[in-house]
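Here is a friendly walk through one model, with its strands and one of its pockets as the main stops. Have the viewer open as you read.

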Amino acid sequence: MHSVVETSGPLAEHIARLFWIFVGISAVVYTLVIAFLVYALRRRGREEAPRDTANALRVIGVAVGITTMVLLGLGVADFLAGRALWRPPGDAMRVRITAHQWWWEIEYLAGVPADRVRTANELHIPVDRPVALELISDDVIHSFWVPSLNGKRDLIPGYTNNLQLIASRPGVYRGECAEFCGFQHAHMSITVHASNADEFARWQDAQRQPAPAPADAALARGRDVFMKSTCPQCHTVQGTDAAATLGPDLTHVGSRQRIAAGTLAMSPANLAAWIRNPQSFKPGTRMPPAPLSGDDLGALSNWLVSLQ
Ligand code: CUA
């Protein structure tokens with residue numbers, strides 16, 4: 001779902017309500033203006049009526065008064081909606097989102113460092129619990145926008161912005177970067193996966209674990225290819241020596257549904273194609289091509305997909 005008016009949470013409902021108030025009042029005003037215009041044109045065609053200046057001034061005065069009231073009313077509605085969207089963090093779940101060209105880094109800020117989870121592009125949240133996002137950027141200005149859950153908020157280098165999300169029913173909610181941030185701005189999507197508390201806890205527990213050990217020799221070879229190539233210079237896989245933070249954390253990359261911020265579906269073939277030449281899918285991405293043999297690439301991709 002990716003719609004401003006198909007809301008799935010109380011915060012987005014405030015925005016949708018405001019949207020419909022504006023649409024409704026604008027429709028009434030438009031209809032009245034057209035009706036008066038038609039009336040005036042027809043009257044003008046029928047007769048050469050003597051001018052009644054005093055009456056005309058009265059009509060104009062009333063129209064200006066009504067216009068002022070309508071604008072003030074819309075201003076108040078806008079203010080109230082904005083105020084309803086601002087919520088103190090309270091006991092909300094804290095998540096830091098860092099925007100990069102062109103992907104989303106997601107960190108769950110648990111009190112205990114060992115409980116912190118780092119992932120990318122797919123934000124998992126429990127339903128009915130407020131999630132307080134801390135939004136920052138690593139390079140240029142981006143904008144976080146998941147229309148079914150809340151409005152837009154910019155991610156600005158050197159400044160922390162805040163936004164809350166509340167999903168009132170389980171589902172997958174799609175979002176996009178809403179601020180032009182370079183060539184691949186259009187390939188910078190984020191999905192929010194809202195699930196009930198138990199399912200979310202299971203997901204979080206799984207994400208806290210280090211990467212599973214390779215189950216067989218083929219997967220072990222894939223891990224060796226990873227460790228010997230350039231991959232560990234940018235990526236982390238908990239449980240191995242790879243601990244770089246330039247690119248997405250790959251500890252549980254196989255549990256994600258898509259690759260490269262929504263660009264490709266998760267599969268060994270797509271991973272192999274992406275690793276061989278990321279520039280062909282996202283020209284300008286900072287991930288360099290990996291000159292690997294077909295066998296090495298296959299082993300590497302299968303191992304990455306096994307990181308559930
Ligand atoms: Cu990030 Cu547009």
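Is Gln-204 buried or exposed? Gln-204 is buried because its relative accessible area is 14%, where buried means under 20%, exposed over 50% and partly exposed in between (1.4 Å probe, protein chains only).

A word on the ground rules: this is a predicted model, in which local features need pLDDT of at least 70 and side-chain atom pairs count only at pLDDT 80 or more, while totals for chains, interfaces and linings use all residues. Residues are numbered from 1 along each chain as its sequence is written, and side-chain values use heavy atoms, with hydrogens and water left out.

**Around Gln-204 and S2**

Gln-204 sits in helix H3 (residues 197–208); helices (H or I, at least four residues) and strands (E, at least two) are DSSP runs, numbered from the N terminus. Setting aside neighbours within four places in sequence, Gln-204 is in contact with Tyr-108 and Val-117, contact meaning heavy atoms within 4.5 Å.

Tyr-108 belongs to a set on S2: Trp-104, Ile-106 and Tyr-108 point one way from the strand and Trp-103, Glu-105 and Glu-107 the other, and all are buried. Strand S2 (residues 103–108) is thus mostly covered, with 6 of its 6 residues buried. S1 and S2 make a hairpin with 2 residues between them.

The table gathers strand pairs; two strands pair if DSSP finds at least two bridges between them.

| Strands | Sense | Bridges | Partners |
|---|---|---|---|
| S1 (residues 93–100) and S2 | antiparallel | 6 bridges | Thr-98 and Glu-105 |
| S2 and S3 (residues 117–120) | antiparallel | 4 bridges | Glu-105 and Ala-120 |
| S9 and S10 (residues 189–195) | antiparallel | 6 bridges | Gly-175 and Ile-190 |
| S6 (residues 142–145) and S9 (residues 171–177) | antiparallel | 2 bridges | Phe-144 and Cys-177 |

**The second largest pocket**

The second largest pocket has a volume of about 670 Å³. Of the 33 residues lining this pocket, His-235, Gly-247, Pro-248, Trp-274 and Met-287 are the closest to its centre. On a 1 Å grid over the protein atoms alone, a pocket is an open set of points where a 1.4 Å probe fits, with protein on both sides within 12 Å along at least five of seven lines, and lining residues have an atom within 4 Å of a point. Points are joined across faces, edges and corners, and the volume is the space filled by probe spheres set on them.

Strand S11 (258–259), helix H5 (268–276) and helix H6 (294–306) each supply at least two residues of the lining, and H5 gives the largest share, 3 residues. Domain 1 (1–205) and domain 2 (217–305) each contribute at least three residues to this lining, the bounds coming from an automatic or database domain assignment.
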